[in-house]
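Here's a quick walk through some local details worth pulling up in your viewer. Have a look at the model first, then read on.

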Amino acid sequence: MDQAQVEAILAMFPIFQDLSPEELGEFSRIAQPVSFMPGQFICARGEIGDCMYVVHSGKAQVVVAGPDGERVPVGSIGQGEVFGELSLVDQQPRSADVVAETQVQGFKIASADFADMRGRLHPAAYKVLLRIARTLCVRLRDVNTQTFGKVIARPGAKPADEARTFWQNVTGWIGKS
Amino acid sequence: MFKSKKHQTFLRSVDLFKDMSDDELEQVIDALKERKLKQNEVLFNAGEASDSCAIVMEGRLKATVAQASGRVRELAVFETGGVLGQIALLDGQPRSATITAAVPSTVLELSRKDFEKGFQNGSPYAYKLLDIFTRVLVRQLRTANARLGDLATAEQRAANPRHPGDPEVQSLFHDINNEVGSIRNTGIDLSAMGVSGRRR
């Protein structure tokens, strides 16, 4: 795949929407093609997130550990979606497994390469960072709403629903947008 | 000039601004407007459109939300060096909380217009402000997630049929209902010290 093709693919993702063609070129140079077979782990819970993934084709399942350690699927990630983008700003352990359901193809952007662009005060990095910061804002509003909606609930109220909301929220740490 | 010197000394004392060069800091100071608040004075109201964010220079402010029941809950407190209002500044949505001065306070306000202008011009100071906002957001989200996690754990324990009115569980729930509330925000980087959140 040549660089122009990579740029054309990246251009379709909202996270790169604010970039000029030249800036997109910067990202196409650091984007590493990745491919996963069905059943293969794209990332595993507990490992430090050191990159963001953009999914060009295929479908993957997001799985968290439930309260008793059981595997709980909490969603799927498909074509045109991005995940792990918070890893570009905060290297935390992944909160969920992401497992390829079909063959998955896409790109990964390493946190180190992004940090390098940021270090050079490259506008492309900051335009993407603004998108990520807005994602953080959405999450924070969401978590606060959940917390302050919850504190007025009494013990025993809809425990199953509440627990699921919590685990879904935790999934946010893999950074699915 | 005197005012600007005062602001410079202050910002230099805040961890979050340590990566800024003197030039960048000077540009930030040019864009900042000092505002004094009396005790109980409102800086901004939940639901309002946002046009600024602020950093606390002196005093203490609190963020509160009114719940559906009408009860007012404290979400966070902001002390010297604490950054507030950056969420609405960045995402353009209405304010999520009301910010009130708990004691007489002084804040430095940055308008959304100035931030956006700097950002669009590719000014390093605006980029570094975004670095700061991002760090603050990451820290707040981590703390808020931990708080929600505590709450979910308490709820699961409370809902466990083996311990239905377990006094210990009831008491834990009581604690969380009453004290999980507030996140403390200062200019000191708690996360860098390995502290994920601090309760008052």
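## A buried serine in chain B

B:Ser52 comes out as buried, because its relative accessibility is just 6% and the cut-off for buried is under 20%. This is a predicted model, so keep that in mind throughout. B:Ser52 sits in strand β3 of chain B, which covers residues 52-58.

What does the side chain of B:Ser52 make a polar contact with? The partner is the side chain of B:Glu109, at 3.0 Å. If you skip neighbours within four places in sequence, B:Glu109 is one of several residues in contact with B:Ser52. The others are B:Phe44, B:Gly85, B:Leu89, B:Arg95, B:Leu110, B:Ser111 and B:Arg112.

## A buried valine in chain A

Over in chain A, A:Val54 is found in strand β3, residues 51-57. Is A:Val54 buried or exposed? With a relative accessible area of 2%, A:Val54 is under the 20% limit and therefore buried.

Leaving out residues up to four places away in sequence, A:Val54 touches three phenylalanines, A:Phe13, A:Phe16 and A:Phe107, along with A:Leu10 and A:Val82. A:Glu81, A:Gln105 and A:Gly106 are on its contact list too. As for A:Pro33, it is 21 residues from A:Val54 along the chain, and the two C-alpha atoms are 9.6 Å apart.

## Two helices packing in chain A

Now for helix α2 (residues 21-30) and helix α3 (residues 111-119), both in chain A: they pack at an angle of about 145°, and their axes are 10 Å apart. The crossing of α2(A) and α3(A) is right-handed.

Which residues do the meeting? From α2(A) come A:Glu26, A:Phe27 and A:Ile30, and from α3(A) come A:Asp113, A:Phe114 and A:Met117. Sorted by class, the contact of α2(A) with α3(A) has four nonpolar residues, two charged ones and no polar ones.

## Salt bridges within chain A

Over all chains, the structure holds 15 salt bridges. In general, side chains of opposite charge can pair when their charged atoms come close.

One of these salt bridges joins the side chains of A:Lys127 and A:Glu23, at 3.0 Å from N to O. A:Lys127 belongs to helix α4 of chain A and A:Glu23 to helix α2, so the pair ties together parts that are 104 residues apart in sequence. A:Lys127 is partly exposed, at 23% relative accessible area, whereas A:Glu23 is buried, at 11%.

Another salt bridge links A:Arg29 and A:Glu26, with their closest N and O atoms 2.8 Å apart. Because they are three residues apart in helix α2 of chain A, A:Arg29 and A:Glu26 are separated by about one helical turn. A:Arg29 is exposed, with a relative accessible area of 54%, while A:Glu26 counts as buried at 17%. A:Glu26 is also one of the α2(A) residues that meet α3(A).

## Across the chains, and a network in chain B

The side chains of B:Arg142 and A:Asp90 meet in a salt bridge too, at 2.7 Å from N to O. The pair crosses between chains: B:Arg142 is in helix α5 (residues 124-159) of chain B, and A:Asp90 is in the loop between β6 (82-83) and β7 (97-100) of chain A. On accessibility, B:Arg142 is partly exposed at 22%, and A:Asp90 is buried at 10%.

Chain B also has a salt-bridge network, which links B:Lys6, B:Glu34 and B:Lys36.

## Two positive phi angles

Most residues other than glycine have a negative phi. Two residues here are worth a look on that score.

A:Leu121 isn't a glycine, yet its phi is positive, about 55°. You'll find A:Leu121 in the loop between α3 and α4 (123-150) of chain A. A:Leu121 is partly exposed, with a relative accessible area of 22%.

B:Asn40, likewise not a glycine, has a positive phi of about 70°. Where is B:Asn40 found? B:Asn40 lies in the loop between β1 (32-37) and β2 (42-44) of chain B. Its relative accessibility is 54%, and exposed means over 50%, so B:Asn40 counts as exposed.

Terms used
Residues are numbered from 1 along each chain as its sequence is written. Chains are lettered from A and ligands numbered from 1 in the order in which they are written. This is a predicted model: local features need pLDDT of at least 70, side-chain atom pairs count only at pLDDT 80 or more; totals for chains, interfaces and linings use all residues. Side-chain values use heavy atoms; hydrogens and water are left out. Helices (H or I, at least four residues) and strands (E, at least two) are DSSP runs, numbered from the N terminus. Buried means under 20% relative accessible area, exposed over 50%, partly exposed in between (1.4 Å probe, protein chains only). Contact means heavy atoms within 4.5 Å. Axes are lines fitted to C-alpha atoms, for helices over the stretch in contact, and angles run from 0 to 180 degrees between N-to-C directions. A crossing is left-handed if the near helix is turned anticlockwise from the far one by less than a right angle, and right-handed if clockwise. Ala, Val, Leu, Ile, Met, Phe, Trp, Tyr, Cys and Pro count as nonpolar, Asp, Glu, Lys and Arg as charged, and the others, Gly among them, as polar. A polar contact is a pair of N or O atoms within 3.5 Å; within protein, one must be able to donate a hydrogen and the other to accept it, and residues adjacent in sequence count only if both atoms are side-chain atoms. A salt bridge is a side-chain nitrogen of Lys or Arg within 4 Å of a carboxyl oxygen of Asp or Glu.
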